[in-house]
Amino acid sequence: MSLEPALSQSDPLPTSVFLAIFSAVFLPMFLAAVDQTLLATATPAIVEDLGGLRQASWITIGYMLAMAASVPIYGWLGDNFGRAKILMIAIVIFALGSIVSASAGTMNHMIAGRILQGMGGGGLMSLSQSLIGELVPIRQRARFQGYFAAMFTLASVGGPVIGGIVVHAYSWHWLFWANIPLAMLAVWRLNGLHKRSVKPVRQGKFDLVGVVLFPTIITALLYWLSVAGQEFAWLSATSLGFAVFVVFGILGLLLWERRLASPFLPLDLLAKKAVYMPLLTAALFAACLFAMIFFLPIYLQVGLHTNPAKTGLLLLPMTFGIVTGSTIAGRLLSKDVAPKWLPTFGMGLAFIGLLLISFVPPNANVIGGLGVLVGIGLGTVMPSVQLVVQSVSGKARLSQITAMVSLCRSMGAAIGTALFSVLLYSLLPLTGSELGIAAIKTLPTEVVHHAFQYGFMAAAGVALCAAIVGFLSPATALKDHDSETAH
């Protein structure tokens with residue numbers, strides 16, 4: 001359907017237009033989000049069929065690394081060659097990766113498919129949101145961002161549930177084959193928006209060095225954070241080598257990018273306080289979110305001895321809270337509420353919730369119920385952060401800056417999960433060869449509870465830092481900048 005005439009800030013968004021845009025960009029983002037956690041419960045079945053237990057972690061790590069490394073590349077391509085067009089290419093790459101994974105006969109074959117999926121998933125995640133920024137005025141966009149934040153959380157938390165059901169009822173192969181018709185539907189819907197998508201306004205010289213060097217550094221950084229302490233010790237020569245490469249790589253990249261008129265990284269935008277402060281908030285938010293997603297279920301099952309079914313139920317309050325917080329944030333932003341106060345209040349509320357979890361007696365029902373406070377707080381962050389940085393950047397570089405938000409979220413999740421793991425396992429009396437769920441189950445309940453108490457206390461500290469960063473962020477008014485203003 002046609003989306004003309006152009007939407008204005010004051011005109012209400014017609015339901016038919018809302019559904020046309022939402023249906024076109026919802027599927028790509030859902031596919032990328034759900035595939036981050038979809039195989040959590042399916043991995044044992046995959047290992048049973050394909051073997052390769054030692055390589056099994058790369059089913060997830062390979063996808064996440066490829067997605068994080070490719071996100072900024074898609075941002076640059078989307079701004080220079082058209083966001084809808086590049087998003088359709090990303091969907092095709094994701095679908096090809098799904099076919100490779102579904103037909104895998106060995107673990108290496110599976111990992112190759114997952115890496116290819118991740119290379120497409122990076123575009124699905126960032127370009128879906130930047131396309132919204134291109135087609136919808138800033139204040140009406142708040143409605144979309146609230147829904148997308150809620151959908152992202154539901155997909156991330158619900159991925160393991162969906163994976164478990166499909167594997168139990170059918171086969172793990174269908175987790176990948178199901179992506180093909182969904183990808184075809186997404187391309188068909190996007191084709192309707194392609195003509196509406198604005199023509200690129202900035203064409204610069206292709207920054208080959210930046211395009212190659214940046215994802216290489218990000219991959220090395222995230223790999224180091226993901227496997228250090230497991231594949232090699234944190235203070236080993238290998239770990240030091242990764243650290244040196246990342247530090248000198250970043251310095252070299254910054255020196256190179258500053259020389260270019262049209263750099264791969266939007267350094268002029270990243271230097272603005274109205275941009276880098278919200279990006280820091282997004283990273284801290286992701287550290288708290290993924291600490292809850294990955295470690296709260298472990299605490300409930302290992303420390304408080306809940307069964308998997310009850311554990312899933314106890315995660316529902318947090319999920320409900322995030323959906324509620326995201327929806328409320330979207331509505332408040334559309335009614336002229338200053339965006340800086342939403343993450344300030346939200347992460348403050350998450351701080352209170354996490355602090356209570358760390359201090360209350362070890363009662364599964366109470367801890368699960370407190371998840372609603374944490375969820376409401378976390379749910380307020382992404383809609384406001386996304387809108388602020390998109391407003392400041394202008395439409396000419398929407399994809400680049402939206403990609404930076406996705407990248408900061410991925411890095412925050414990786415860094416937060418790694419540091420949380422280091423703290424948690426350092427508090428448990430286990431040797432390096434004993435680390436694992438089975439070994440933790442052999443420890444006294446009091447020891448496990450004590451370790452997780454300090455872990456959630458640390459997560460509360462991260463949430464407090466995010467609230468402070470939100471408070472110190474400049475009060476940015478939401479408005480649509482043209483490309484000249486953005487520069």
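Three exercises with worked solutions follow.

The model is predicted, so local features need pLDDT of at least 70 and side-chain atom pairs count only at pLDDT 80 or more, while totals for chains, interfaces and linings use all residues. Residues are numbered from 1 along each chain as its sequence is written, and side-chain values use heavy atoms, without hydrogens and water.

**Exercise 1.** State whether S358 is buried or exposed, and find its contacts.

Solution.
- Step 1: S358 lies in helix α14 (residues 341-359); a helix is a DSSP run of H or I with at least four residues.
- Step 2: S358 counts as buried because its relative accessibility is 1%. Buried means under 20% relative accessible area, with a 1.4 Å probe and protein chains only.
- Step 3: The side chain of S358 reaches the backbone oxygen of L355 at 2.6 Å.
- Step 4: With neighbours within four places in sequence left aside, S358 is in contact with Q453, F456 and M457. Contact means heavy atoms within 4.5 Å.

**Exercise 2.** Place F456 in the largest nonpolar core.

Solution.
- Step 1: A nonpolar core is a set of buried Ala, Val, Leu, Ile, Met, Phe, Trp, Tyr and Cys residues joined through side-chain atoms within 4.5 Å.
- Step 2: The largest such core has 140 residues, and F456 is one of those with the most contacts inside it. Helix α12 (residues 273-303) gives the most to this core, 21 residues.
- Step 3: Not counting residues up to four places away in sequence, F456 touches residues including M292, L354 and S358.

**Exercise 3.** Name the residues of α16 that make the contact with α17.

Solution.
- Step 1: The two helices are α16 (residues 381-393) and α17 (residues 398-426).
- Step 2: From α16, the contact uses M382, V385, Q386, V389, Q390 and S393.

Terms used
Axes are lines fitted to C-alpha atoms, for helices over the stretch in contact, and angles run from 0 to 180 degrees between N-to-C directions. Buried means under 20% relative accessible area, exposed over 50%, partly exposed in between (1.4 Å probe, protein chains only). A polar contact is a pair of N or O atoms within 3.5 Å; within protein, one must be able to donate a hydrogen and the other to accept it, and residues adjacent in sequence count only if both atoms are side-chain atoms.
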